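Here is a short briefing on a protein model. Have the sequence and the 3D view open as you read.

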Amino acid sequence: MPVMSPESRIKALREAGSGTWLAFSEDESRVVATGATYDEVVQAAENAGENEPVITRVPNDWTPRVF
Amino acid sequence: MIRLPCKVWPTPVPHPAFPNETFHWAPIINVRLIYKHAPPSKSIECWVDSGSHVCLFHGSLCHSLGIKRVEDGIKEEFGGIFGDYKRPVYFHKLKIIVVSEQFETMAGFSWDLTAAGILGRRGFFQNFITRIDSSQNPPCIELEKIVSH
């Protein structure tokens, strides 16, 4: 089960800058860092004490997408 | 059998067709990538997508994986289903770790990908019988490893 509520995760994703990378804690209960690139967000997460973050990429907008 | 919950993903607000919804449940799972003998990447959220014939990842992942230049891979042009213009994708061989299972595949990297990664038929679906159960709350993804004889 996700440990971050759907509302909290949605809020975190919406508040992250467009086109940025977002790091959640290993248990996905909180946001630990953001960055402009994958390398940057990993470094920021490690600086925040999270060595096993879960990384996602925030799209430029929330337009529904078909991959 | 590996059973993983789907994750929520924002929709436009307000969604024109579904005005009471602010998010949807998406088949997003965490994977790690390994290139050659480098250490695995961090966990990366990827979309399970049976519509994609290959696995695709954002070019930003390459540097820390040990791929010096995205563009050194084998190039292919990719288009979307709406007929928009084509984007270059560069293929590199790598291993993908899903929970405790791993497989090797040629995966494409693109700077234009809007997601961190997409798990497609070549590689991912070749290795897992995949089922999305939307009757559950939250919906879940069930993965059954295909055992080759």
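Strand S3 of chain A (54-57) pairs with strand S5 of chain B (43-48) in the parallel sense, over 2 bridges. In that pairing, A:Ile55 stands opposite B:Ile44. Keep in mind that this is a predicted model.

**Where the chains meet**

- The contact takes 25 residues from chain A and 28 residues from chain B.
- On the side of chain B that touches chain A, strand S2 (7-10), strand S5 and helix H1 each give two or more residues.
- S5(B) gives the largest share of that side, 4 residues.
- Sorted by class, the side of chain B that touches chain A has 13 nonpolar, 11 polar and 4 charged residues.

**Helix H2 of chain A**

- Which residues of H2(A), residues 38-47, are buried? They are A:Tyr38, A:Val41, A:Val42 and A:Ala45.
- These buried residues lie on the same side of H2(A), because they cover an arc of only 100 degrees around the axis.
- A general rule helps here: an α-helix has 3.6 residues a turn, so residues three or four places apart point the same way.
- The buried residues of H2(A) pack against strands S1 (21-24), S2 (31-35) and S3 (54-57) of chain A.
- They also pack against helix H1 (62-65) of chain B.
- Take A:Val41: leaving out residues up to four places away in sequence, A:Val41 touches A:Trp21, A:Leu22, A:Ala23, A:Ala33, A:Thr34, A:Gly35 and A:Ile55.
- After H2(A) comes A:Gly49, with a positive phi near 95 degrees.

**The nonpolar core**

- How many residues are in the largest nonpolar core? The core has 50 residues.
- The residues with the most contacts inside this core include A:Ala23, A:Val41 and A:Ile55 from chain A.
- From chain B, B:Leu33, B:Cys46, B:Cys55 and B:Leu56 are also among those with the most contacts.
- Strand S8 of chain B (residues 87-98) gives the most to this core, with 5 residues.
- In soluble globular proteins, nonpolar side chains tend to be buried together.

**Strands S1 and S2 of chain A**

- S1(A) and S2(A) pair in the antiparallel sense, over 4 bridges.
- Within this pair, A:Leu22 stands opposite A:Thr34 in S2(A).
- Is S2(A) largely enclosed or open? It is largely enclosed by the rest of the structure, because 4 of its 5 residues are buried.
- The hairpin of S1(A) and S2(A) has 6 residues between the strands.
- In that hairpin, A:Glu28 takes a positive phi near 60 degrees.
- A:Glu28 and A:Pro59 are 31 residues apart in sequence and 19 Å apart in space, C-alpha to C-alpha.
- A:Pro59 itself sits in the segment after S3 of chain A.
- A:Pro59 counts as partly exposed, with 16 C-beta neighbours inside 10 Å.

**Strands S2 and S3 of chain B**

- S2(B) and strand S3 of chain B (residues 23-26) run antiparallel, joined by 4 bridges.
- B:Pro10 stands opposite B:Phe23 in S3(B).
- From S2(B), B:Lys7 and B:Trp9 point one way, while B:Val8 and B:Pro10 point the other way.
- Are these four residues buried or exposed? All are buried.

**Unusual backbone spots in chain B**

- Most residues other than glycine have a negative phi, and most peptide bonds are trans. The next items are the places to look for exceptions.
- The peptide bond from B:Val13 to B:Pro14 is cis, with omega near -10 degrees. B:Pro14 lies in the loop between S2 and S3 of chain B.
- The bond from B:Asn137 to B:Pro138 is also cis, with omega near 5 degrees. B:Pro138 belongs to the loop between strand S11 (128-133) and strand S12 (140-145) of chain B.
- B:Lys36 has a positive phi, near 50 degrees. Its place is the loop between strand S4 (28-34) and S5 of chain B.
- B:Lys36 is exposed, because just 11 other C-beta atoms lie within 10 Å, and the cut-off for exposed is 12 or fewer.
- B:Val99 has a positive phi too, near 55 degrees. It lies in the loop between S8 and strand S9 (101-110) of chain B.
- B:Val99 counts as partly exposed, with 13 C-beta neighbours inside 10 Å.

Terms used
Residues numbered from 1 in each chain as written. Chains lettered and ligands numbered in written order. Predicted model: local features only at pLDDT ≥ 70, side-chain atom pairs only at ≥ 80, totals over all residues. Buried ≥ 20, exposed ≤ 12 C-beta atoms within 10 Å, placed from the backbone. Arc of directions from axis to C-beta. Contact = placed C-beta atoms within 7 Å. Core = buried A, V, L, I, M, F, W, Y, C linked by C-beta atoms within 7 Å. Nonpolar A, V, L, I, M, F, W, Y, C, P; charged D, E, K, R; others polar. Pairing = 2+ DSSP bridges.
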